[in-house]
Amino acid sequence: MPRIRQYSDEMPGIPLQDDWNDVGQALGEERLGYPTQKPVALLERIIAASSNPGDVVLDPFCGCGTTVHAAEKLGRNWIGIDVTHLAIGLIEKRLRDAFPAVQFTTHGVPQDLSGARDLARRGREDGKYYFEFEKWALSLINAQPGNLSKRGADKGIDGNLYFGKTARAIVSVKAGDNVSVAMIRDLRGVIEREKAEVGILLTLTPPKKTMVAEAAAAGQFEMEGFTAVPRIQIVTIEEALELRDRAVRLPARRDDAFKRAARETGAGAQAAFDL
């Protein structure tokens, strides 16, 4: 069927301006903690100007998901692609926080224990995949990468969780088949060195009895007004897949890792374009 394409400068009314300095940076509550985050208002305007409700929006380098957030808000179908598990985990959290009833399918990330083992195996064969396993595992419990996804020495700090006013839990991720009590001792040494309150060992392989006993020997952390929690906690990837951040026991947990996206209550504020 023949179609007529219209351009904004050929349409009646005020032509679309090329000066968009009225759109500010992503600040305040909108800021999630991702280094290259763009403002939702900017992507709303682009999407509204170039598509209609029900169209498909593709962002092949979607970062923290601003494009898919705006597309969902404006009633578009969308496809988002990114290479890092850090970004994918943040996008999933962002969409669920902003749109509680949203439905989407994530491809290319482990969905079960078998997929987790495959990602870990590739990590052992090719070092770069180990960092992807680590970031994916941290995303399960909403932990912030210890080195903000940059490669290099992490001083035993793979991830961080925050709770109370100033308390911190350090996360150590283990993807290997062989686990030992030395890992618990190392983690205990790290939290003592860093003056952190809690240590989390996030492990693909279930712990040995000696590891459980060593973790119990570290005692409890107490915060006034809350039930005491183990100072050293062992969480398996299987548990994290099932329980997500509920697999970790922390009093008064905060969302400092990546902030919670504000819940969207209506359609986008950008004007509609008759395309």
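Applied to this model, the salt-bridge search returns 12 salt bridges, each one a side-chain nitrogen of Lys or Arg within 4 Å of a carboxyl oxygen of Asp or Glu. The model is predicted, so local features need pLDDT of at least 70 and side-chain atom pairs count only at pLDDT 80 or more, while totals for chains, interfaces and linings use all residues. Residues are numbered from 1 along each chain as its sequence is written, and side-chain values use heavy atoms, with hydrogens and water left out.

One of these salt bridges brings together the side chains of K73 and E44, at 3.1 Å from N to O. K73 belongs to helix α2 (residues 66-73) and E44 to helix α1 (residues 40-50), so this pair ties together parts of the chain that are 29 residues apart in sequence. Helices here are DSSP runs of H or I with at least four residues, strands are runs of E with at least two, and both are numbered from the N terminus. Both K73 and E44 are buried, a label given under 20% relative accessible area; exposed means over 50%, and partly exposed lies in between (1.4 Å probe, protein chains only). For K73 the relative accessibility is 17%. The side chain of K73 also has a polar contact of 3.5 Å with that of E264. A polar contact is a pair of N or O atoms within 3.5 Å; within protein, one must be able to donate a hydrogen and the other to accept it, and residues adjacent in sequence count only if both atoms are side-chain atoms.

A second example sits within a single helix. R121 and E125 both lie in helix α4 (residues 113-125), 4 residues apart, or about one turn of the helix, and their side chains meet in a salt bridge of 3.2 Å, N to O. R121 is partly exposed at 34% relative accessible area, whereas E125 is exposed at 59%. Between helices, R185 and E214 form a salt bridge of 3.6 Å, N to O. This pair links distant parts of the chain, with R185 in helix α6 (residues 181-194) and E214 in helix α7 (residues 209-217), 29 residues apart. Both ends are partly exposed: R185 has a relative accessible area of 48%, and E214 has 21%. Returning to helix α4, salt bridges that share partners join D118, R121, R122 and E125 into one network.

Turning to the aromatic side chains, what does the ring search give? The count comes to 3 aromatic pairs. Rings of Phe, Tyr and Trp (its six-membered ring) pair if their centres lie within 6.5 Å; planes under 30 degrees apart count as stacked, over 60 as edge-to-face, and the rest as tilted. Among them is the tilted pair of F133 and W136, with 5.8 Å centre to centre and 55° between the planes. F133 and W136 are 3 residues apart in helix α5 (residues 127-140), so about one helical turn separates them. F133 is buried at 0% relative accessible area, and W136 is buried at 4%.

Another of the pairs is edge-to-face: F163 and F221 are 5.7 Å apart centre to centre, with 85° between the planes. Because F163 lies in strand β4 (residues 159-163) and F221 in strand β7 (residues 220-221), the pair ties together parts that are 58 residues apart in sequence. F163 is buried, with 0% relative accessible area, and F221 also counts as buried, at 17%.

The surface offers a nonpolar feature as well. V56, L58, I79 and I81 form a nonpolar patch with about 370 Å² of accessible area together. Such patches are made of residues with over 30% relative accessible area and no salt bridge, where nonpolar side chains (Val, Leu, Ile, Met, Phe, Trp, Tyr) are joined within 5 Å and like charges within 9 Å. The areas come from the Shrake-Rupley method with a 1.4 Å probe, and for residues only the protein chains shown count as cover. Within the patch, I79 lies in strand β2 (residues 77-80) and is partly exposed at 45% relative accessibility.

Finally, the cysteines. How many disulfides does a search of the whole structure find? The search finds 0, a disulfide being a pair of cysteine sulfur atoms within 2.5 Å. C62 is in no disulfide, and its nearest cysteine sulfur, that of C64, is 8.8 Å away. C62 is buried at 8% relative accessible area, and C64 counts as buried at 3%.
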